[in-house]
Structures are given as structure tokens and as C-alpha cells.
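User: I'm new to reading protein models, and I'd like a close look at the nonpolar core in this one. Could you walk me through it and what sits around it?

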Amino acid sequence: MVLVLLVAIFIALLYGLWRYHRQSDSLSYSVFLGLFLGVVYGLVLSVLNINTDDLLPWINIVGVGYVNLLKMIAMPLVFISILAAIARLEKASMIGSMSFWIISTLLITTGIAALDGAIIANLFHLDASSIVAGEMEVARGQSMIESSSEVADLTIPGLILSFIPTSIGGTFAGLASTSMISAVVIASLLGIAALTVNKNDPQKGATILRGIDVLQSWVMALVRLIIRLTPYGILALMVKVIVTTDADAIWQLAKFLVASYVALFIMLIVHAIIIALTGRSPIAHFKKIAPVLTFAFTSRSSAASIPLNIDAQVNKLGITKPIANFSASFGATIGQNGCAGVYPAMLAMMIAPTMGIDPWSMTFIASVVGVSMIASFGVAGVGGGATFAAIIVLSTLGMPLELAGLLISIEPLIDMMRTLVNVSGSITSGVVGNKILGDKTHPQSMDTQSTQLG
């Protein structure tokens, strides 16, 4: 009977949000209302100490279901958008320029993030020897040791080779951790092929472009349909976050949690400075992308954020479609400022005192920053985000992996902010790329379709 009542309340909240969303012209307001309702309902359940084991599966239908839908459309959205954009470029050589500037921005900001994480960890005097490991922490540490075998043979040539697709069907099925980048490669090659056909036989080229237009319209209609579900997904995800958070664990590791959020917030300031250097208003920038960052925070998924990321860049920030798609796609796997920059650097600083290493040593800090930048590129080859970034960094520096498992109890809370910073970093790379190459990537016959959220 209690379960029926709790589910009924949740449905009532969804209905109220739906009524508001129908009448509101702003998706942002609906998203923040969903966030607020989710927090309130989650807190009520927590304060009343209600067992939510049976309730969460029903809430997950909306929350996890929404995340799954976004992951479903991410691949076709990236593929068709890049294909359409490149097919209309005047020069195929622009693909290399876009990739260079976007990846360079991601790697440089990740290096800054690692330096930021290292300094903040030292200022907070983080020391792994002061944290007591329980069964869960020990198990996580052992798991990380076992997972290290997946990156043991990782090489730069092998990583680059993993980006080259062997099967179109396998790529679209997402069978590999590099499937998204492989999809970018496939779309780019097909786009270049379309340019070649158009040059040699304009009549057939026009037919190809019309076919791409039809397919893009179809995919964009699907994207608009799913993105309008964002407020409801945020509401459900926020309820889950609140009721599954371990308050005792947060208190015990509060020092590291606070230090992490300080370091990650500083990276948002770095992003704001970069945005300002491109001639944009940082305040207006973050206001426009707030719904995307909110989703990234609650979902903890950079990949699932790709559709919202692209939409915000194109329709809110005015980024050209090729650059928006490249930055969102690469930013979900390469140069993640939060997962591959701040986090592994803080872990290294925290573990250093246990090995007799001076965490303020400039040589050591420089090593951490350099390795973190390389690891941020290498993570794309194995997947796993922050965990594998930490494994690569700690293994390279000769540090014990098992100590990284000490933070498992607060990992979800840290991961929320890490993902937000990852997505902000990918959008920042898009803004930088657009500033440098924007005019050159505006095809004269660029499609004017919009994925406006409404």
C-alpha cells in the first residue's frame, strides 16, 4: 500500500511538471523545476527514512529510461550531423583543422585541470594514510588492480588504430569503447566521398544531398521528441541521487569531497576565462548551457549528454554544426577535464605522502600533469572514464592502485561534478574551435534545420 502511494505521488509530480512544461516557453525553467521537485521528493523520502528499494525500479523507468533514450540517439545524431555538415563543406581539409583545434583545446584544458587538482589536493593536505579502508574500499581497490590489465598494453599507435572502424554495423552497435569516434571517422569518410561525387557528377551529388537532408530531418525530429522529455528525466534522476546518497560516508570523506568540488569549480572558472577570451559573455554562456550541465550532473554520463550538448552549441551558442558535433563527440571520450584531469591528479597527490614523495615537488607535479594529459587521450581506447584515467596515471607513476579504492563510498557524488566539468570542457573546445574556424566551416548552403528544444 505504501509503495502504491509513493508511486502515485511520483506520477503526480510528473503530471504537474508536464502541465507546467506545456505552458512554459522555456525548457530551462522546466528542467530546473524538475530538479527542484526531485530534490524535495528525495529529501522527504530520506528524512522520513522510507525504504525505497521497491520504489526505485519504478522511478528508474523514467530516469534511467531517459538516459538510455539519449544514448540511443547519440550515435545517429552525431553520424548524420557530421555527414551532412562535411558533405556541404567547400574543402575536406577543414576536417583536419577542426579536429586539431578541438583536441588541442581538450588536452590543454585537461593539463590545466590536472595542475588545478594537484594544487588543491596539496592545499587541503589530502593524505591517503589517514583514510580507513573498509570491505567496500578494499574490494574496489582490488577491482582496480584487476582492471589495470586492460591498459597494460595500451600504446599510442594501438589507440589510434582502435579509432579506425572495422565494421559499420559494429560501430553503430557501440561494441567498442571507441565506437563514437569510429562513427565520426565513418561519417567523415562518407562526407568526403559525397564531396567527390558532387564534384565529378553534380546531378548525382545533388541526389545524395537530398537523401542526407531527408535522413537528417527524420533524425532531428526524433531528437526533438526525446529532448523534450528532459525535465521528467531530471526529476527522476534527482530523486534517485538523493535517496541513494550515503550521508555517513560523505561525512567521513568530507575533506576530499570538498577539495574535489573546489578544484572542479575552479575549472569552470577557467572555462569562463577562455570563453571571455573568445569575446563571449561567460555569464550568458553558462546560462544558455545550464540545462545541459544540469543533465550531466544528475546523469553522470558524458556520452548521454551528447545530444543536449550539440543542441545547446548549435541553437544556443551559435556554434557551426561541424564543430559542435566534433567537439561533443571528442569531448565525451578524449580530454575529459574532470575525469582525466582533476581526479587522477588529486589521487596522485593524496597517495604521494604514503610513498615518501613530496607532493609539492615541482618535478612530481609536472610529471602528474604530463601523464594526465596523455591518459586523457588514452582513456578513449579503453573506456571507463575516471577509473581508467586513474589507473593509467597511477600505474605510470608507479603508485599503488589499491589506495584509489578508498573513495568508493563518495564516488557517485564526485562523479556528478566531474561529468559536469567534462561536458563544460567539451563545449568550451567547441567555442574555441568556432572562434578560430567558424567562418570557414559555414557551408554556403548550410541546412537551416533546427533542433530547438521548445
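Analyst: Sure, let's start in the middle. Keep in mind that this is a predicted model. The largest nonpolar core has 117 residues, and those touching the most other members are Leu70, Phe256, Phe295, Ile306, Phe326, Phe330 and Met346. Helix α3, which covers residues 56–87, gives the most to this core, with 15 residues. There is also a second, separate core of 16 residues, which includes Leu6, Val7, Leu17 and Val243. As background, nonpolar side chains tend to be buried together in soluble globular proteins.

Now zoom in on one residue from that list, phenylalanine 295. Leaving aside residues up to four places away in sequence, phenylalanine 295 touches Tyr66, Val67, Leu70, Ile234, Leu237, Arg300, Ala304, Ser305 and Leu308. Hold on to Arg300 from that set, as we'll come back to it.

Two other names on the core list, Phe326 and Phe330, are among the buried residues of helix α16. This helix runs over residues 321–331, and 11 of its 11 residues are buried, so it is largely enclosed by the rest of the structure. The buried set isn't just nonpolar names, either: it includes Lys321, Asn325, Ser327 and Ser329. What does the covering? The elements over the buried residues of α16 include α3, α4 (94–123), α9, α10 (202–227), α15 and α20.

Let's pick residues from two of those covering helices. In helix α15 you'll find glutamine 313, which counts as buried because its relative accessibility is 0%. Glutamine 313 touches Ala324, Ser327 and Ala328, and its other contacts include Ser426, Ile427 and Gly430, again not counting residues up to four places away in sequence. Over in helix α9 (residues 179–200) sits isoleucine 181. At 4% relative accessibility, isoleucine 181 counts as buried too. Isoleucine 181 and valine 78 are 103 residues apart in sequence, yet their C-alpha atoms are 9.7 Å apart in space.

Back to arginine 300, as promised. Side chains of opposite charge can pair when their charged atoms come close. Here, the side chains of arginine 300 and aspartate 415 meet in a salt bridge, at 3.0 Å from N to O. That pair ties together distant parts of the chain, 115 residues apart: arginine 300 is in the loop between α14 (282–299) and α15 (306–316), and aspartate 415 is in helix α20 (residues 411–437). Are the two partners buried or exposed? Arginine 300 has 36% relative accessibility, so it counts as partly exposed. Aspartate 415 counts as buried because its value is 10%.

Aspartate 415 has another partner: arginine 418 forms a salt bridge with it, and their closest N and O atoms are 2.8 Å apart. These two are separated by about one helical turn, because they are 3 residues apart in helix α20. Both arginine 418 and aspartate 415 are buried. Put together, Arg300, Asp415 and Arg418 are linked in a network of salt bridges. A search of the whole structure finds 2 salt bridges.

For contrast, look at the outside. Phe36, Val40, Leu43, Val44, Val47 and Leu48 form a nonpolar patch on the surface, and together they have about 570 Å² of accessible area. Phenylalanine 36 belongs to helix α2 (residues 27–47). With a relative accessible area of 53%, phenylalanine 36 is exposed, because the cut-off for that label is over 50%.

Technical notes. Residues are numbered from 1 along each chain as its sequence is written. This is a predicted model: local features need pLDDT of at least 70, side-chain atom pairs count only at pLDDT 80 or more; totals for chains, interfaces and linings use all residues. Side-chain values use heavy atoms; hydrogens and water are left out. A salt bridge is a side-chain nitrogen of Lys or Arg within 4 Å of a carboxyl oxygen of Asp or Glu. Helices (H or I, at least four residues) and strands (E, at least two) are DSSP runs, numbered from the N terminus. Buried means under 20% relative accessible area, exposed over 50%, partly exposed in between (1.4 Å probe, protein chains only). A nonpolar core is a set of buried Ala, Val, Leu, Ile, Met, Phe, Trp, Tyr and Cys residues joined through side-chain atoms within 4.5 Å. Contact means heavy atoms within 4.5 Å. Patches are made of residues with over 30% relative accessible area and no salt bridge: like charges are joined within 9 Å, nonpolar side chains (Val, Leu, Ile, Met, Phe, Trp, Tyr) within 5 Å. Accessible areas come from the Shrake-Rupley method with a 1.4 Å probe; for residues, only the protein chains shown count as cover.
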